[in-house]
Amino acid sequence: LSVFFDLQDNPCNSAQAFFRALGRAVAAAAARDGRLTLPPLGESADIEAAAAWFDAMEKSPGDLRILICIDEFERLEELWPPDHRRELLQLMGLFRATIQHRRKVRLLVAGVAPFDELGSMWFDHFINARQIHLDFLTEADTIGLLTKPVPEFPSDAIPVEIARRIFQRTAGQPYLVQLYGWLLVQ
């Protein structure tokens with residue numbers, strides 16, 4: 001189960017607001033997918049409830065994994081006021097524990113800067129995370145991803161010429177290529 005959570009689309013100024021928004025995103029993704037019934041996040045939506053929720057998702061039956069994709073992750077620090085830094089550090093600790101100890105619940109964080117450029121808090125909490133720098137896609141990769149993203153994708157769904165024009169418009173910027181692909185499929 002893939003859960004896309006964009007921090008720009010989910011503004012929050014506390015751990016509770018963050019987890020309530022994340023809980024809604026996870027529930028919506030699970031409802032769309034239909035293969036998994038996930039436990040709800042507790043009403044308090046505080047860090048303790050969030051940790052228990054992550055544990056409950058980790059213990060969910062079956063072998064389905066939950067990938068929580070947090071986009072614009074570097075904005076987390078901006079969302080918490082300075083007097084709530086302890087909450088932010090607890091959230092970062094929960095992320096680190098998830099990366100280290102959970103196998104069903106996984107995190108993917110995406111942003112514009114590597115952790116070591118963001119300060120010690122980020123580097124300390126994500127020290128064991130694998131960082132992958134994603135360059136712009138080549139024309140061949142862009143065309144391949146748009147015309148045949150998976151083997152079952154119909155070969156005539158997106159013509160090569162349309163894919164080539166998308167590459168010309170996006171210069172292979174991964175998010176824009178993905179957005180065009182999503183819009184075309186929708």
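This is a guided tour of the structure, stop by stop, with a selection to make at each one.

**Before you start**

The model is predicted, so local features need pLDDT of at least 70 and side-chain atom pairs count only at pLDDT 80 or more, while totals for chains, interfaces and linings use all residues. Residues are numbered from 1 along each chain as its sequence is written, and side-chain values use heavy atoms, with hydrogens and water left out.

**Stop 1: the whole chain**

Show the chain as a cartoon. Its secondary structure comes to 9 helices and 3 strands, where helices (H or I, at least four residues) and strands (E, at least two) are DSSP runs numbered from the N terminus. Follow the elements from the N terminus and you will read β-α-α-β-α-α-β-α-α-α-α-α. Along the principal axes, the C-alpha atoms fill a box of roughly 50 × 40 × 25 Å.

Now colour by accessibility. Of the 186 residues in the chain, 41% are buried; buried means under 20% relative accessible area, exposed over 50%, and partly exposed in between, with a 1.4 Å probe and protein chains only. If you draw a contact map, taking contact as heavy atoms within 4.5 Å, residues 24 or more positions apart account for 70% of the contacts with a separation of 6 or more.

**Stop 2: helices α1 and α2**

Select residues 15-33 for α1 and 47-58 for α2. How far apart are the axes of α1 and α2, and at what angle do they pack? The axes are 11 Å apart and the angle is about 25°. Axes here are lines fitted to C-alpha atoms, for helices over the stretch in contact, and angles run from 0 to 180 degrees between N-to-C directions. The pair is therefore roughly parallel, a label for angles under 35 degrees (over 145 is roughly antiparallel, 65 to 115 roughly perpendicular, and the rest oblique).

The crossing of α1 and α2 is left-handed, meaning that the near helix is turned anticlockwise from the far one by less than a right angle; clockwise would be right-handed. Show side chains for Phe 19, Leu 22, Gly 23 and Val 26 of α1, together with Ile 47, Ala 50, Trp 53, Phe 54 and Met 57 of α2, and you have the contact. By class it holds 8 nonpolar, 1 polar and no charged residues. In this scheme Ala, Val, Leu, Ile, Met, Phe, Trp, Tyr, Cys and Pro are nonpolar, Asp, Glu, Lys and Arg are charged, and the others, Gly among them, are polar.

**Stop 3: from α2 to α4**

Keep α2 and add α4, residues 85-101. These two helices pack at about 10°, with axes 10 Å apart, and are therefore roughly parallel. Is their crossing left-handed or right-handed? The crossing of α2 and α4 is right-handed. From α2, the contact uses Ile 47, Ala 50, Ala 51 and Phe 54; from α4, Gln 90, Leu 91, Leu 94 and Thr 98. The classes here are 6 nonpolar, 2 polar and no charged residues.

**Stop 4: salt bridges**

Next, select the charged side chains. The count comes to 5 salt bridges, each being a side-chain nitrogen of Lys or Arg within 4 Å of a carboxyl oxygen of Asp or Glu.

- Arg 75 and Glu 72 meet at 3.6 Å, N to O. Arg 75 is partly exposed at 30% relative accessibility, whereas Glu 72 is buried at 17%.
- Arg 85 and Glu 77 meet at 3.3 Å, N to O. Arg 85 is partly exposed at 37%, and Glu 77 is partly exposed at 31%.
- Arg 164 and Glu 161 have their closest N and O atoms 3.5 Å apart. They sit 3 residues apart in α8 (residues 160-170), about one helical turn. Add Glu 139 to see a network of salt bridges linking Glu 139, Glu 161 and Arg 164.

**Stop 5: loop residues**

Select Ala 45, in the loop between α1 and α2. Its phi is near 55°, a positive value in a residue other than glycine, and Ala 45 is buried at 0% relative accessibility. Then jump to Ala 171, between α8 and α9 (174-185). Phi of Ala 171 is near 60°, also positive, but Ala 171 is partly exposed at 43%.

Finish at Lys 59, in the loop between α2 and β2 (66-71). Lys 59 is exposed, with a relative accessible area of 68%. Add Arg 103, which is 44 residues away along the chain: the two C-alpha atoms are separated by 9.8 Å.
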